[in-house]
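Dear colleague,

Please find the structure below, handed over for your examination. My findings follow directly after it.

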Amino acid sequence: MLFDPERHEPLSGARWSEAAARQTIASIVAEACRSFDADTLWPTHPRDIEGDEPALPLAGLYNGAAGAIWALQRLAAQGAAEGIGLDLSGAVATLNEHSQRFIEAAGMERASYFLGGAGVLLLQWKNRASPDTADALFALVQGNLHNPAREALWGSPGTLIAALHMLEATQQPRWLDEQVVAGFEARAFDALDVAASREAGLINWEPVFDRHAAGSPSKPLVQDCHGAAGIVCRFAGARSTALQALLLQAGELVWAAGPLRKPPGLCHGTDGNGYAFLKLHAMTGETRWLERARAFAMHAIQQSDALAAQHQGRRRFTLWTGDLGLAVYLWSCVSADAALPTLDVF
């Protein structure tokens, strides 16, 4: 099969309710505000603690304070959340110090867009456009150009996203240096076409294309981080009709698989997969994709409430792995906004 049924579950069947979406957003935001501490930022949720990681505040975009602050600011700017009384300027100013302490203690790579300093510096620059912050971010981007990791989490594709956001904001030529995009769509189609797994009009991509080289079979995942949902979200803006045809089949696979059993999360959860439907709605104008996105939204609300109940009402105050990402997604469903957080828009 193109997906593992054990990793998915049937839709709850709850009808779309804008009022319920707004109420969930308000609840998540209110709890995030109540849980904030100026010195320790937000408490780390048990699901975000891995192995022997140091007990330090997380600061990155992925599962730390930078992502939480970005989400709160984004929701406030869109009129999706009222009553955010937090003064986050002090927290933003200290984020890089928090990030550096965690990176040094965990032995992580400093440049990482989502987990390291690049995303933190970008948020700091957005809140206060300091030339020193821009220079520090440029140094990280430039130093990460030859990172062998070819993905957004650690490698140069991630730090180049930061460069693109800075180019859009400043129009300074240095942020365009060494980027080549000619023929990208044609090459993307060729690669995706040959690597695709197909079945009955559906399509997916495995995490590792060459199973033999990997040494063991890869799992047929359907998530934003691995599989059809993420492919749709990254390529839905393409003008190639051949590439768009692949994405429509991938979207049908995401729908056929159904919601993920995992708790909500943009990286590997029901709301992250739902963004694929929002992308296809923007690409085609067909209302069925928006309806599917909203069906996933109602399911994700129930998943979020169930997870909170397991942890004595405690929410997960992260952008890419938790409830603040869900809040952003819910508003995207209300407003039919397909922009993927911190990737398409910053």
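A residue is called buried here when its relative accessible area is under 20%, and exposed when that value is over 50%. Please bear in mind throughout that the model is predicted.

**Helix α4**

By that cut-off, the buried residues of α4 are Gly117, Ala118, Gly119, Val120, Leu121, Leu122, Leu123, Gln124 and Trp125. Helix α4 covers residues 117-127, and because nine of its eleven residues are buried, the helix is largely enclosed by the rest of the structure. Which helices do the buried residues of α4 pack against? They pack against α2 (65-77), α3 (89-106), α5 (131-143) and α6 (156-170).

Two residues in these partner helices may be looked at individually. Threonine 133 is located in helix α5. Its relative accessibility is 15%, so threonine 133 counts as buried. Setting aside neighbours within four places in sequence, threonine 133 is in contact with Leu121, Gln124 and Trp125, and these three appear among the buried residues of α4.

Alanine 71 belongs to helix α2 and is buried, at 0% relative accessibility. Leaving out neighbours within four places in sequence, alanine 71 is in contact with Leu319, Leu324 and Val328. The C-alpha atoms of alanine 71 and proline 341 are 8.2 Å apart in space, although 270 residues separate the two in sequence.

**The nonpolar core**

The largest nonpolar core has 103 residues. Those that touch the most other members are Trp42, Leu75, Leu95, Tyr113, Leu137, Trp320 and Tyr329. Helix α13 gives the most to this core, with nine residues.

**The loop between α12 and α13**

Helix α12 spans 287-310 and helix α13 spans 323-335, and threonine 318 sits in the loop between them. Arginine 316 is placed in the loop between α12 and α13 as well.

Is arginine 316 buried or exposed? With a relative accessible area of 7%, arginine 316 is buried. Its side chain makes a polar contact with the side chain of aspartate 48, at 3.0 Å. A polar atom of the arginine 316 side chain also lies 3.0 Å from the backbone oxygen of threonine 321. Apart from neighbours within four places in sequence, arginine 316 is in contact with His45, Arg47, Asp48, Pro263, Pro264, Thr321, Gly322, Asp323 and Leu324. For a longer-range reference, the C-alpha atoms of arginine 316 and glutamine 78 are separated by 22 Å, with the two residues 238 places apart along the chain.

Threonine 318 has a relative accessible area of 4% and is therefore buried. What does its side chain reach at 2.9 Å? The side chain of threonine 318 reaches the backbone nitrogen of glycine 322 at that distance. Not counting residues up to four places away in sequence, threonine 318 touches Asp48, Tyr62, Asn63, Asp323, Leu324 and Gly325. Asp48 thus appears in the contacts of threonine 318 and in those of arginine 316.

**Cavities**

How many cavities of 30 Å³ or more does the model contain? The count is two. The second largest holds about 80 Å³ of space. Its lining consists of Trp42, Pro43, Thr44, His45, Asp48, Leu58, Asn63, Gly64, Ala65, Phe317 and Thr318. By class, that lining has five nonpolar, five polar and one charged residues. The lining connects with the sections above: Thr318 is part of it and sits in the loop between α12 and α13, while Trp42 lines the cavity and is one of the core residues that touch the most other members.

**Backbone angles**

Most residues other than glycine have a negative phi. Two residues in this model deserve a look in that respect. Glutamine 171, which is not a glycine, has a positive phi of about 60°. This residue lies in the loop between α6 and α7 (184-195), and at 58% relative accessibility glutamine 171 counts as exposed. Threonine 342 likewise has a positive phi, near 65°. Threonine 342 is found in the segment after α13 and is buried, with a relative accessible area of 0%.

With kind regards

Notes:
Residues numbered from 1 in each chain as written. Predicted model: local features only at pLDDT ≥ 70, side-chain atom pairs only at ≥ 80, totals over all residues. Heavy atoms only, no water. Helix = DSSP H or I, 4+ residues; strand = E, 2+ residues; numbered from the N terminus. Buried < 20%, exposed > 50% of the residue type's maximum accessible area, 1.4 Å probe, protein only. Polar contact = N/O pair within 3.5 Å; in protein donor to acceptor, adjacent residues only side chain to side chain. Contact = heavy atoms within 4.5 Å. Core = buried A, V, L, I, M, F, W, Y, C linked by side-chain atoms within 4.5 Å. 1 Å grid on protein atoms, 1.4 Å probe; cavity = no way out; pocket = protein on both sides within 12 Å on 5 of 7 lines; lining within 4 Å. Points joined across faces, edges and corners; volume = space filled by probe spheres on them. Nonpolar A, V, L, I, M, F, W, Y, C, P; charged D, E, K, R; others polar.
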